[in-house]
Amino acid sequence: LQKNDVRVTKPRYIRVNTLKVDAESVIRELEKSNFAVSRDDTIPDVLVLPSGIDLHDHPLVLNGSIFLQGKASSMVAIALSPKPGWKVLDACAAPGNKTVHLAALMRGKGKIIACEFNAERVRILEKTIRRSGAPNVDIVNGDFLDINTSDPVFKEVHAILLDPSCSGSGISAERLDYLLPSYKKGDDADACNSERVKKLAAFQRKALLHALSFPAVERVVYSTCSVHQTENEDVIKSVLPLATSLNFELATPFPLWPHRGRPVFEGAEHLLRTDPAEDTEGFFIALFVKKCNSANNKL
Ligand code: SAM
């Protein structure tokens with residue numbers, strides 16, 4: 001990377017693990033190491049540092065006080081807004097950054113079931129959970145699509161976080177090429193319609209339909225780190241008929257956030273996008289809420 005490349009001039013975000021420590025203590029510790037650190041103005045417990053700082057081996061990372069989690073990624077669990085005591089399912093969980101964020105938001109109370117089908121990635125998930133100190137996470141090494149929604153373990157799940165495999169086009173250095181002078185318009189349209197992206201979108205749709213079918217679920221968050229409409233607005237649009245028949249509606253996570261869904265259907269203004277140019281990563285978040293619980297819709 002060149003020194004003046006947009007990819008190296010962006011700030012670095014970290015998330016404070018409030019299961020272990022509060023933001024003020026982390027700020028004091030980082031200031032002792034002469035880091036210029038401040039609170040993010042929108043996302044609670046997210047701190048901003050200058051670009052180019054490598055914290056991978058910092059004691060606060062190693063002891064689980066902070067997670068090297070981006071700002072947009074840290075918005076996902078907050079959008080779900082789980083209450084302490086709830087039963088929450090993290091459908092596609094590894095490496096577990098959002099699992100342990102859910103645990104922090106629930107103050108370690110209630111139950112999180114973290115489902116992950118890749119055995120190697122389950123090891124990473126276990127490490128993340130151990131490092132975070134979360135006391136309330138059970139791991140299921142299996143396919144989310146195979147979960148029987150009437151199984152006693154799952155039939156009382158209140159909330160589901162679905163962060164499925166995606167193209168990753170919102171975080172790959174390749175995607176950020178569009179910020180560089182060499183970028184040609186049209187490159188995005190090609191990538192968006194590739195066979196790989198279409199296949200991913202088919203899985204994402206299936207997984208979202210499955211999430212909405214859990215009998216007691218009141219809130220479902222769907223998120224990707226993709227900038228492609230095929231994996232984002234198109235997936236949401238395609239499940240709306242079933243979602244509506246099950247009494248779900250789209251709610252508005254972070255209502256003051258300026259970047260919303262592409263206006264490709266009525267209601268897309270409820271969706272949230274982050275802009276990889278301004279917000280460091282291109283994320284997408286949709287929040288479904290059961291209508292009878294409309295008091296839960298606001299953050
Ligand atoms: N939420 C995670 C975090 O914040 O750390 C990142 C999740 S990553 C985007 C998607 C994960 O889902 C991968 O680890 C992948 O192996 C897993 N996965 C994909 N399909 C799955 C399925 N059908 N059932 C369970 N896990 C699945």
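This report describes the surroundings of the ligand and two residues of one loop. The model is a predicted one.

**Around the ligand**

The ligand has 18 residues around it. Cys-92, Asn-97, Lys-98, Phe-144 and Asp-163 come nearest. By class, the shell holds nine nonpolar, five charged and four polar residues. Two elements, α5 (97-105) and β6 (111-116), each supply at least two residues of this shell.

The UniProt record, an unreviewed entry, also marks a "binding site". That feature covers Cys-92, Ala-93, Ala-94, Pro-95, Gly-96, Asn-97 and Lys-98. Glu-116, Asp-143 and Asp-163 carry the annotation too.

**Two loop residues**

Cys-92 sits in the loop that joins β5 (87-90) to α5. Ala-94 has its place in the loop between β5 and α5 as well. Are these residues buried or exposed? The table gives the counts.

| Residue | Other C-beta atoms within 10 Å | State |
|---|---|---|
| Cys-92 | 23 C-beta atoms | buried |
| Ala-94 | 24 C-beta atoms | buried |

The cut-off for a buried residue is 20 or more other C-beta atoms within 10 Å. Cys-92 has 23, so Cys-92 counts as buried. Ala-94 has 24, so Ala-94 is buried too.

**What they touch**

Residues up to four places away in sequence are left out here. Cys-92 touches Cys-115, Glu-116, Phe-144 and Leu-162. Asp-163, Pro-164 and Ser-165 are also contacts of Cys-92. Ala-94 touches Glu-116, Asn-118 and Arg-121. Val-122, Ile-124 and Leu-125 are further contacts of Ala-94. Glu-116 thus appears among the contacts of both Cys-92 and Ala-94.

Conventions:
Residues numbered from 1 in each chain as written. Predicted model: local features only at pLDDT ≥ 70, side-chain atom pairs only at ≥ 80, totals over all residues. Near = placed C-beta within 6 Å. Helix = DSSP H or I, 4+ residues; strand = E, 2+ residues; numbered from the N terminus. Nonpolar A, V, L, I, M, F, W, Y, C, P; charged D, E, K, R; others polar. UniProt positions renumbered as here; feature names shortened; annotations may be inferred. Buried ≥ 20, exposed ≤ 12 C-beta atoms within 10 Å, placed from the backbone. Contact = placed C-beta atoms within 7 Å.
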